[in-house]
Every structure is written in structure tokens, then in C-alpha cells.
Amino acid sequence: MASFIQLLVSGLATGAIYALIAVGFTLLWQTSQTINFAQGEFVMLPAFFVLAAMNVGAPFWLATLIGIALSIVILGVLFKIIIVDPMLKYGVLPLVISTIALSLFLKESAKDFYSSQAQPFPALVPPTDIHFFDAVVSTQSLLVLAIAIITVIALNLLLNKTRVGRQMQATAQNPALARILGVPVQRMVFYTFLLNAVLVAIASILVSPIYLAKFTNGETLGIAAFIAAIIGGFNQVRGAILGGVILGVLDNLSAAYISSQYRGAFPLIILIAVILFRPQGLLGRIEERTV
Amino acid sequence: MTRAGVIAVVICAVAAIVAPFFLKPFGIFLISTWVVLTIAAIGLNLTLGYAGQISLAQGAFVGIGAYTVALLTPLGVPFFVAFLAAGLLCFAIGWVLGYPALRVQHHYLAFVTLAFTTLVFLVLRNEEWLTNGIYGITGTARPALFGWKTGGARDFYFLCLGMLALLSFATWWMLRSPWGRAFIALRENPIRALSLGLDTRRYTLMAFAIGSSLGGLSGALYAPLVQFIEPNSFALGLSLNLLLMVIVGGSGYFFGPFVGALVAVLLPEWLRVTHGYYLIVYATAIMIMMPFCPSGLLGLAERAGRALAGSRALKKTSMHTEGAGP
């Protein structure tokens with residue numbers, strides 16, 4: 001039981017990180033039909049921005065802010081303008097190819113211009129363990145969970161309670177109608193790219209103390225984000241959150257209780273099962289086929 | 001095909017036949033790799049270029065084909081039987097995999113195949129009793145055909161080239177048949193194809209399954225070519241690479257995979273001067289190419305050809321009008 005609680009908490013922490021990545025992924029898909037195959041690399045990169053800022057002498061808190069700012073500029077603004085905008089007119093598939101090339105580019109750049117070795121990344125809190133009934137839970141897991149929950153709540157407030165957020169939702173649900181109703185659709189699409197950049201930067205800062213900053217981190221994180229988005233429902237922010245949490249918990253529990261060798265396989269099997277039996281995802285609406 | 005096209009193909013075919021007589025062993029290895037990868041890319045081109053579906057599993061099918069041959073031939077199964085078995089197995093797996101994915105939304109095949117590639121990698125790595133895990137399998141024998149032993153690099157290259165010729169002819173013939181025309185109809189206008197009574201889902205699935213079996217056949221040649229296979233060679237990287245090959249060459253063009261595979265094989269050698277930065281250069285080039293010419297190098301060539309023909313026609317008409325003047 002004790003180990004179950006431990007696994008559950010660390011699973012929830014991992015799941016919360018997956019959820020952040022999956023939410024950004026879903027937002028981009030909803031507003032601009034961008035399937036970002038570089039999403040995993042987007043999470044890998046901000047950690048290197050932070051490390052680079054610390055290398056030139058910035059304290060950790062400042063480096064974190066610099067990392068988030070750089071991520072907004074590079075993974076938000078530049079990504080939108082340089083990669084996405086010129087490709088939108090060709091439809092979904094060519095843009096997918098561009099983001100695949102981008103993921104290769106980012107991965108190789110991190111390897112060649114920073115390091116091919118895994119880099120230690122400062123933890124947000126000193127790693128101590130909290131005893132809690134019989135279970136031992138690390139403060140780090142709890143903090144990750146707390147920050148992720150705060151981020152998700154803030155995101156929900158932004159999307160549901162503010163004018164901009166509602167306009168973004170309108171854009172996601174029906175861009176043509178939103179435009180008629182006077183929503184500046186292009187600007188809203190642009191905002192979702194910025195939002196995605198912030199989410200991946202937060203995820204990066206949360207995940208890197210656990211996994212270390214390594215150029216290959218994006219591969220597993222990217223696949224986790226796709227799977228979380230599909231499990232929860234490709235067209236739902238709530239779905240992506242649910243999918244991420246399910247995935248994280250399941251990943252940890254199955255590795256401990258079933259097979260650690262096939263740890264990576266369980267999410268994939270669930271993915272295939274969801275696509276077979278509930279293709280719209282657990283919380284998703286059925287989408288009309290768009291051609 | 002235009003006359004210029006036929007001439008170009010004949011010249012390339014002759015070049016492919018005489019090339020190994022002028023190359024060192026490493027050069028022969030490179031062009032053999034090109035031939036083998038081209039077969040896999042032709043398969044992916046059916047899925048991507050004709051049926052308009054992104055598959056990220058072609059590398060996994062190459063792996064399944066390679067392991068099929070590497071595991072069957074030591075048991076005494078003749079190479080060509082194992083070769084056909086690899087193709088059939090991949091066809092069957094492709095069918096089973098594509099069936100659920102194509103039942104739903106159009107971009108789901110990309111995710112299902114992505115998951116499949118990772119699953120295949122895990123099985124190849126973990127099931128050591130069968131695949132020898134990360135230590136891989138060495139020394140897959142090269143076959144003999146009617147007493148012609150293909151153990152030498154050049155002989156094996158000709159075997160691969162023969163297979164490529166056979167398979168690309170079969171693909172060409174299939175695309176010319178009413179059946180293949182349905183594939184093209186899928187690409188050009190899926191809704192219209194559907195309204196004309198084509199079972200688009202069935203044809204898309206067929207294109208994917210046939211494409212997958214070509215991946216398996218390519219793997220069946222890959223194992224005896226490199227003589228050492230291990231799970232990492234067939235991880236997601238290979239699938240992405242094959243996808244980029246089809247795109248760079250020109251998806252939906254019959255000869256696109258040939259060009260794309262050539263670029264993917266030769267470019268790393270030519271870009272040796274950039275040291276480790278080859279992949280950065282390659283990725284940048286693709287990102288630059290996509291917005292200007294999403295139809296790849298052959299699309300670019302076609303456009304250039306048309307522009308040339310256009311300016312020539314323009315000149316002709318202007319001369320004509322001059323001639324018609326007073």
C-alpha cells in the first residue's frame with residue numbers, strides 16, 4: 001500500500017507534466033490545425049535556455065524567467081511566423097512534415113551547440129522526503145504537482161473567465177463564425193502559440209530536474225503528449241488534462257507491477273484501444289471528417 | 001511519359017548498372033543502401049503520395065522484414081521463400097494495423113503507426129530469446145540464384161537492383177491498372193472518388209498494406225546487405241528518414257522515392273565537411289523547401305521544366321506574331 005501511494009504520487013506528478021504538454025498540443029491543433037510533431041523537442045529546449053542563462057551567470061530564478069521569455073519568442077513567435085504561417089495554405093500534412101524537420105533540427109542543435117551528455121538541472125526545492133502514513137513522498141513530486149495544478153487552474157481561468165480566453169475558445173470551436181462575430185481570429189491563433197510556448201517552458205522546468213536535460217528527452221515526451229491528447233479527446237482541453245494524468249499514473253503503476261521492460265508499451269496499447277473503441281477520446285466530441 | 005522522361009530514365013538505369021564497376025567497395029555499399037531504401041520509400045510513397053496518409057511505421061516494417069529473413073534463413077529456409085514471407089507478413093500486419101486507424105480520422109494513422117514503431121522496437125529489444133536483443137543478429141547469408149552466388153558486394157548490388165527493377169515495375173503496372181487509378185483518384189479528390197462509388201477506405205487500406213509489404217521486402221534485402229541488424233536501426237529515426245525521403249524526392253511522383261533516397265544516402269557523404277552538423281543542414285533545407293515547393297525536388301524540376309517550356313512557347317508565339325506582321 002505504501003509503495004502504491006508513492007507510485008501514485010509520482011505518477012500524478014509525471015501525469016501533470018504530460019497534461020501541460022498535451023494541453024498546448026491540443027490548443028495548437030484546435031485553433032490552427034497544427035499537429036506539432038516537434039512538441040516533445042519544444043519541452044526539451046527551454047531547459048537548455050535556462051542552463052545557458054545560468055552559464056553566463058544569471059541566478060536560477062532569473063534564468064528561469066529568461067528561459068520562459070526565450071521560449072515565448074522562439075517556440076511561440078518565431079515558430080508561428082517562420083514555420084507555420086507559410087505552410088498553412090497547404091493543409092495539415094505538409095505542415096506535419098515541416099514540424100518533423102523542425103524536431104530534427106532542434107534535437108541536433110541542442111546536441112551540437114550545447115552538449116550530447118545529460119546535463120544536471122537544478123531542482124526547484126532541495127530534495128527531501130516527506131513521510132506520510134507509511135509512504136515516502138518526495139517534496140519534488142509534490143511541488144511539481146502543485147505547480148502543474150496551479151498552471152492548469154490559471155489556464156482554465158484564462159480560457160473561461162477572460163474575454164481573450166473566450167475569444168480563443170470561439171476561434172478553436174468555429175473560426176468562421178468567430179470571425180463573423182468580430183473575434184480577431186488571427187490574433188487569437190497567435191495567442192495560442194504563445195500560450196503553448198509558456199506551457200512547454202513550464203513543463204520543461206518541471207521535468208528536467210527529474211529526467212536531466214538531454215537532447216533526446218523530446219522523443220518520449222512528445223509521444224506521451226500525443227497519446228495523452230488522443231486518450232482524452234483531441235478536441236478538448238479538459239480531455240488532454242485527463243489523458244495526461246491517466247498516462248502518468250498508468251505508466252508508473254504498470255512499470256512497477258507488470259513489466260518494467262515493456263513500460264513504454266502500455267501507453268501505446270491504450271492508445272490503440274482508445275482509437276479502436278472510442279476514437280473521439282474519453283471526453284472528446286465526434287469531429288466531422290474534414291477533407 | 002514524355003520522350004525526355006523516357007530518355008532520362010534510360011540514362012539513369014544505365015548509370016545504375018555501370019556505376020559499381022567504377023566504385024570502391026564503400027561506394028558499392030552506398031548505392032546498394034540506396035537501392036534497398038528506395039524499395040521502402042516506393043512503398044511509403046503509395047501510402048503518402050497516393051493515398052495521402054502519413055505512415056510513421058515504414059522503418060518498423062523494414063525491421064520486421066529484416067528480422068524475418070535473419071531468423072528464417074539460418075533455419076534452412078531458402079532466401080527467396082523468406083523474402084516472400086517478409087512481404088506477406090508485412091502486408092498482413094499493415095492490414096490489421098491500418099484497419100482501425102483508417103476507420104476513424106485521417107490523421108490517426110500517423111499516431112497509430114508512431115505507436116506501432118515504438119512497440120516493434122520494444123519487442124525487438126526485449127524478446128531476447130527470439131531477436132537476441134540489443135546484441136543483434138550478424139551474418140545473414142546472401143543468397144544464390146540459379147548458381148549465381150551473390151556473396152560479393154557487386155553481385156549483391158545487382159541482385160538488389162534487379163529486385164528494385166522488378167518491384168518498381170510491378171508498382172508501375174499496378175498504378176496503371178484500374179485499381180491503381182483508384183489510388184490516384186483518392187489523392188486527387190477523395191470526396192469525388194467516394195461519390196463516384198469508390199470504397200475509399202478500402203483502397204486507402206490496400207495502399208497502406210501494399211506499401212507496408214514493400215517495406216518488408218526492403219528489410220529482407222537490408223539484412224543480408226549490412227550483415228548486422230539490431231533494434232536501434234529500426235527505431236523511429238528510420239521511419240522519419242524514409243518519410244523525409246519521399247517528401248524530398250516528391251511524394252506522389254513515381255520517381256520521387258528514387259531521388260529522395262539518393263539525396264538521403266549521398267548527402268551525409270557530401271556534407272562530411274560540415275562535420276556533425278549534417279542533420280541540421282538537412283533539416284533546415286527541408287524546412288526551407290516545404291513552403292516553396294511542398295511537392296519536392298521532382299515537383300521543382302517539373303515546375304522548372306514547365307517554365308522553360310512556357311518561355312519557349314512564348315518565344316515561338318512572339319516569333320510567330322513577328323512573322324505574321326506586315
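# A guided tour of chains A and B

Select Ala265(A) to begin: setting aside residues up to four places away in sequence, Ala265(A) touches Leu119(B) and Leu122(B). The model on display is a predicted one. Ala265(A) is found in helix H11 of chain A. Its surroundings comprise 19 C-beta neighbours inside 10 Å; because burial requires 20 or more, Ala265(A) counts as partly exposed. Add Ser254(A) to the selection: this residue lies eleven positions from Ala265(A) along the chain, and the two C-alpha atoms are separated by 9.7 Å.

**Helix H11 of chain A**

Extend the selection to residues 265–277 of chain A, which form helix H11. The 13 residues of H11(A) reach 18 Å from the first C-alpha to the last, close to the 18 Å expected at 1.5 Å a residue. Which residues of H11(A) are buried? They are Pro267(A), Leu268(A), Ile270(A), Leu271(A), Ile272(A), Val274(A) and Ile275(A). To see what covers these buried residues, display helix H9 (217–232) and helix H10 (237–257) of chain A, then H4 and H5 of chain B; the cover includes these four helices.

**The side of chain B that touches chain A**

Now colour the two chains separately and select their contacting residues. Here 36 residues of chain B are in contact with 36 residues of chain A. On the chain B side, the elements that give two or more residues are helix H4 (79–103), helix H5 (108–126), helix H9 (190–195), helix H11 (236–249) and helix H13 (278–292) of chain B. Which of them gives the most? It is H5(B), with ten residues. Colouring by class shows 28 nonpolar, eight polar and no charged residues on the side of chain B that touches chain A.

**Chain B as a whole**

Show chain B alone. Its secondary structure comes to 14 helices and four strands. Along the principal axes, the C-alpha atoms of chain B fill a box of roughly 90 × 50 × 45 Å. The radius of gyration of chain B is 21 Å, which agrees with the value near 20 Å that a compact globule of 326 residues would have. Of those 326 residues, 45% count as buried. Among contacts in chain B between residues at least 6 apart in sequence, 76% join residues at least 24 apart.

**Chain A as a whole**

Switch to chain A, which has eleven helices and two strands. From the N terminus on, its elements follow the order α-α-α-α-β-β-α-α-α-α-α-α-α. The radius of gyration of chain A is 19 Å, close to the 19 Å from the globule rule for 291 residues, so chain A is as compact as a globular protein of that length. The C-alpha trace of chain A spans about 60 × 50 × 35 Å along its principal axes. Buried residues make up 52% of the 291 residues in chain A. Contacts between residues 24 or more positions apart account for 73% of those in chain A with a separation of 6 or more.

**The nonpolar core**

Next, select Ile17(A), Ala19(A), Ile21(A), Ala228(A) and Leu271(A). Of the 197 residues in the largest nonpolar core, these five touch the most other members. H8(A) gives the most to this core, with 16 residues. Centre the view on Ala19(A): leaving out residues up to four places away in sequence, Ala19(A) touches Ala148(A), Val152(A), Ala228(A), Ala240(A), Ile241(A), Gly244(A) and Val245(A).

**Helix H8 of chain A**

Select residues 185–211 of chain A, the 27 residues of helix H8. At 1.5 Å a residue H8(A) should span 39 Å, and the 38 Å between its end C-alpha atoms agrees. Is H8(A) largely enclosed or largely open? Because 20 of its 27 residues are buried, H8(A) is largely enclosed by the rest of the structure. Move to Ile205(A), where H8(A) has a kink of about 25 degrees, shortly before the proline Pro209(A). Following H8(A) is Leu212(A), whose phi is positive, near 65 degrees.

**A last stop at Val84(A)**

Finally, select Val84(A), which is found in helix H3 (residues 60–87) of chain A. With 21 other C-beta atoms within 10 Å, Val84(A) is buried. Val96(A) is twelve residues from Val84(A) in sequence, and their C-alpha atoms are 9.7 Å apart.

Terms used
Residues numbered from 1 in each chain as written. Chains lettered and ligands numbered in written order. Predicted model: local features only at pLDDT ≥ 70, side-chain atom pairs only at ≥ 80, totals over all residues. Expected span 1.5 Å × (residues − 1). Bend = angle between axes of the 7 residues up to and from the residue. Buried ≥ 20, exposed ≤ 12 C-beta atoms within 10 Å, placed from the backbone. Rg over C-alpha atoms; globule rule 2.2 N^0.38 Å. Contact = placed C-beta atoms within 7 Å. Core = buried A, V, L, I, M, F, W, Y, C linked by C-beta atoms within 7 Å. Nonpolar A, V, L, I, M, F, W, Y, C, P; charged D, E, K, R; others polar.
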